[in-house]
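Thanks for sharing this one. Here are my notes as numbered points, meant to be read with the model open beside them.

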Amino acid sequence: MTDSSFLFSGITFNRKKFSSDFARFKVKYSYLKVSRDIGWGDLLAFRIAFWRRGWGQLTVEKKPSNDSEEILLENKDPEVEAEVEVVAKPVKKRKRKAAVSDPVEGFSVFKSSKTEPVHEENEETENASQGKKELYRQMERDAIFRKKHNIHTSGSNIPSPLQDFSELRSRYGCRPYILRNLAELGIKEPTPIQMQAIPILLSGRECFACAPTGSGKTLAFVCPMLMKLKRASKEGVRAVILCPTRELASQTFRECKKLAKGKKFYIKLMTKQLANSAEFSKVPCDILISTPLRLKFAVTKRKLDLSRVEYLVLDESDKLFELGLLKHVDAVVKACSNPSITRSLFSATLPDTVEELARSIMHDAVRVIIGRKNSASESIKQKLVFVGSEEGKLLALRQTFEESLNPPVLVFVQNKDRAKNLYKELKFDEIRVDVIHSDLSQLERENAIDNFRAGKTWVLIATDVIARGMDFKGVNCVINYDFPDSSSAYIHRIGRSGRAGRSGEAVTFYTEADVRYLKNIANVMKASGCEVPNWILTLPKLKWKKHRPKREFLSTKPHDDEE
Ligand SMILES: Nc1ncnc2c1ncn2[C@@H]1O[C@H](COP(=O)(O)OP(=O)(O)OP(=O)(O)O)[C@@H](O)[C@H]1O
C-alpha cells in the first residue's frame, strides 16, 4: 500500500517499500476494518480508548480499491483483537442508530448525493465534540483520583491510573499467573505508585518516580516488566534491573521470582561467579538483576551483550547517580543500546540534580511523585534525642534497651569500624545482637540479614550498606546511633521501619557536633507531621554538604585499656 495517509500524529509508513520490515513486525499489529465513512468523532473515540488503555499510536490507512479503511493499531498484545471489538462498538452503534432513525426523521436510506455530505459533516462534528467531551471527562476523573491518592504527575498523555489490579487484565490483557501470584502474596490493592507507574510503563513510556520508602516501588516496575516480556526467550538479556547494593539486588531477584511464579522466565542474579563465567552469553536470561560494577565487568571483560535489552530499571536511582557508581552505571546504560528501550528510575528521594540528569537521558518521560518529594513515610514516629557526647550515646542506647527493647531494632552507625566496636560493646549484654558491614563476606552478610529476618537477631547494627531498599518486615524501631550524613540518608535509614502501611519508630541521637545539621532532618520530620522543637527550625540554613565528622573512639572502657 503505497498511498498511505495517516491521521493524527502517526509515523509515515510505506508498507510496499518496507515490506520486509513490516513482515518482521507484523505480529505487533492488529487490524480493524471499518467502513470508509468513518468520522473524525469515531476516530477521536478510538483515540480516547487508546489513551485510556495506554496503548500505542493510533493511525489510519486508507485503502483506495476497497470500500473499507483499516485502523492500524500499534499494539504488542495478542489480546488486542478482543479489545478491538470493544473499540469498534461506537462505529456499529452509530450505523445502527442511523438506520433506525432514518425513517423517523424522514430521510431516505438512499440519500441524494447533495444532502449526504451535509449530514455526514454535522454528524462528524457532533461525534468529534462528543469525543472531546469524553476525553475531558476522563481527564477530570483521573485528576480527582490522583488527588485522592496523592499522585502528582507531569508529562504529556499520561495513561489513566489503575484503580484495581483487575484492570491489569481488562485494560492490558495481563496473564492470570500474575494476578494469582499477587493474591497469593496477599497483595489486594495497588499502592499509589503502582496505580500510576504500572500503566505508564505498560504504555511503553519512560518514567522517573519518587515514592516513600516501603510503598511498593519494586512491584511497580517488576509487574509491567513481566507483562511486557510475556514469555521466556533464549535470545539474550531483555531486561536489566540495577540496584546499588548486592543485598538489594538479591532481594529484588527474590521478589521477581515470587511474582513470576508459575511462568518459566529466566531470571538471573549477577553473582561474582556468574560475572566471571566465560560462558555467560550462553546462559539464557530474560531479566538480569545486578549491581553496576558487576554488570559493567561482565560487559567489558566478558563481552556480555546488552544490545537487546528492552527494559532498564535504575532502582534507588539517586544513589546510582552518586559519584562512586555513576561511571559504572553510565557504562551499563551505554551498553543497553537498543533504540526502543524503555528506561525507568525509582527512588524514595529524587534530588533536583538527578531529575535534571534523568530528563537529559530519557525520552518523553513521565514524572511521578507520590506525596511530597523527598519526604519520609508518614507511618513512622520520629524523635530526636540529645546525647551530648559519644559516650553519652552508648549510655543512652543501653538505657533505651533496658527501658523497652521492642525487637526487631536496627541501629545505624557511620562506618564499619564503629559498627564493629558497637557490636563488641553490645555482644555481652543480654540481647541477641549482630552486625553487618562491608568487611564481612557475602555469606556472612546474607546470614546476618536472614537471622534478622527470621527473628533470631533482635538488634542488628549496620552501616548504610543496608539503609536503602531492604525490606525487613516489621522493624519496630530504627536508631540512628550516628547522625545520618544527609537528609536522604535519614529518609532511607528510617524507612526500614513503617513499611507497607505498618507503623514504626525512629530515634536519632545527636551530639553538639551534629547540631549544625539538625535543621535538614527536622525539616523532613516536620513535613511528615512529627513535632519538632521550634529552636531547631530557626537554626541557620546550611548549604548542602555531607556530614561525616571524625567521631571519637566508640567504647565505654577507659581508653588506656584499649592500648
Ligand atoms: N499493593 C501492595 N499491597 C500490600 N503490600 C504491598 C503492595 N505492594 C508491595 N507491598 C509490600 O510492601 C513492602 C515494601 O515494598 P517495596 O520493598 O517494594 O518498597 P519500596 O517502595 O521499594 O521501598 P524502599 O524505598 O525502601 O526501597 C514489601 O513487603 C511488599 O511485598
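1. Of the 563 residues of the chain, 51% count as buried. Please keep in mind throughout that this is a predicted model. The exposed surface comes to about 27900 Å², with carbon and sulfur atoms supplying 53% of it.

2. For the overall build, count 21 helices and 17 strands in the chain. Take the contacts between residues at least 6 apart in sequence: 75% of these join residues at least 24 apart.

3. Two UniProt annotations are handy for finding your way, and both come from an unreviewed entry. The record places the short sequence motif "Q motif" at residues 167–195. In the model, that span is 66% helix and 0% strand, and its end C-alpha atoms lie 10 Å apart. The record also places the domain "Helicase C-terminal" at residues 379–540. Here the span is 37% helix and 20% strand, with 29 Å between the end C-alpha atoms.

4. Ile 187 deserves a look while you are in this part of the chain. The residue sits in the loop between helix 6 (176–184) and helix 7 (192–202). Is Ile 187 buried or partly exposed? Ile 187 counts as partly exposed because its relative accessibility is 30%, and the range for that class runs from 20% to 50%. Leaving aside neighbours within four places in sequence, Ile 187 is in contact with Phe 165, Leu 182 and Leu 219. Its C-alpha atom is separated by 36 Å from that of Lys 282, which is 95 residues away along the chain.

5. Thr 511 makes a good companion case. This residue belongs to strand 17 (residues 504–511). At 4% relative accessibility Thr 511 falls under the 20% cut-off, so Thr 511 counts as buried. Its contacts, leaving aside neighbours within four places in sequence, are Phe 386, Val 387, Gly 388, Ser 389, Glu 390 and Lys 393. The C-alpha atoms of Thr 511 and Gly 392 are separated by 8.5 Å, although these positions lie 119 residues apart along the chain.

6. Next, the internal spaces. How many cavities of 30 Å³ or more does a search of the whole structure find? The search finds 3, and the largest has a volume of about 80 Å³. Its lining is made up of Leu 201, Phe 221, Pro 224, Met 225, Lys 228, Tyr 311, Val 313, Thr 342, Arg 343 and Ser 344. By type, these residues divide into 6 nonpolar, 2 polar and 2 charged.

7. Which elements supply at least two residues each to the lining of the largest cavity? They are helix 8 (217–229), strand 9 (311–315) and strand 10 (342–347). Helix 8 gives the largest share, 4 residues.

8. Helix 11 (residues 292–301) is a useful one to colour by burial. Pro 292, Arg 294, Leu 295, Ala 298 and Val 299 are its buried residues. As a reminder, an α-helix has 3.6 residues a turn, so residues three or four places apart point the same way. The buried residues of helix 11 pack against two strands and several helices: strand 6 (239–242), strand 8 (287–290), helix 9 (246–260), helix 10 (272–276), helix 12 (317–320) and helix 13 (323–335). After helix 11 comes Lys 303, which has a positive phi near 55 degrees.

9. Two asparagines also have positive phi. For Asn 150 the value is about 60 degrees, and the residue lies in the loop between helix 4 (115–148) and strand 4 (151–154). Asn 150 counts as partly exposed because its relative accessibility is 40%. For Asn 374 phi is near 55 degrees, and the residue is in the loop between strand 11 (366–370) and strand 12 (380–388). With 28% relative accessibility, Asn 374 counts as partly exposed.

10. Last, please check the backbone at Pro 407 and Pro 408. A cis peptide bond joins these two residues, with omega at about -5 degrees. Pro 408 is in the loop between helix 15 (390–403) and strand 13 (409–412).

Note on methods:
Residues numbered from 1 in each chain as written. Predicted model: local features only at pLDDT ≥ 70, side-chain atom pairs only at ≥ 80, totals over all residues. Heavy atoms only, no water. Buried < 20%, exposed > 50% of the residue type's maximum accessible area, 1.4 Å probe, protein only. Contact = heavy atoms within 4.5 Å. Areas by Shrake-Rupley, 256 points an atom, 1.4 Å probe, with all protein chains shown as cover. UniProt positions renumbered as here; feature names shortened; annotations may be inferred. 1 Å grid on protein atoms, 1.4 Å probe; cavity = no way out; pocket = protein on both sides within 12 Å on 5 of 7 lines; lining within 4 Å. Points joined across faces, edges and corners; volume = space filled by probe spheres on them. Nonpolar A, V, L, I, M, F, W, Y, C, P; charged D, E, K, R; others polar.
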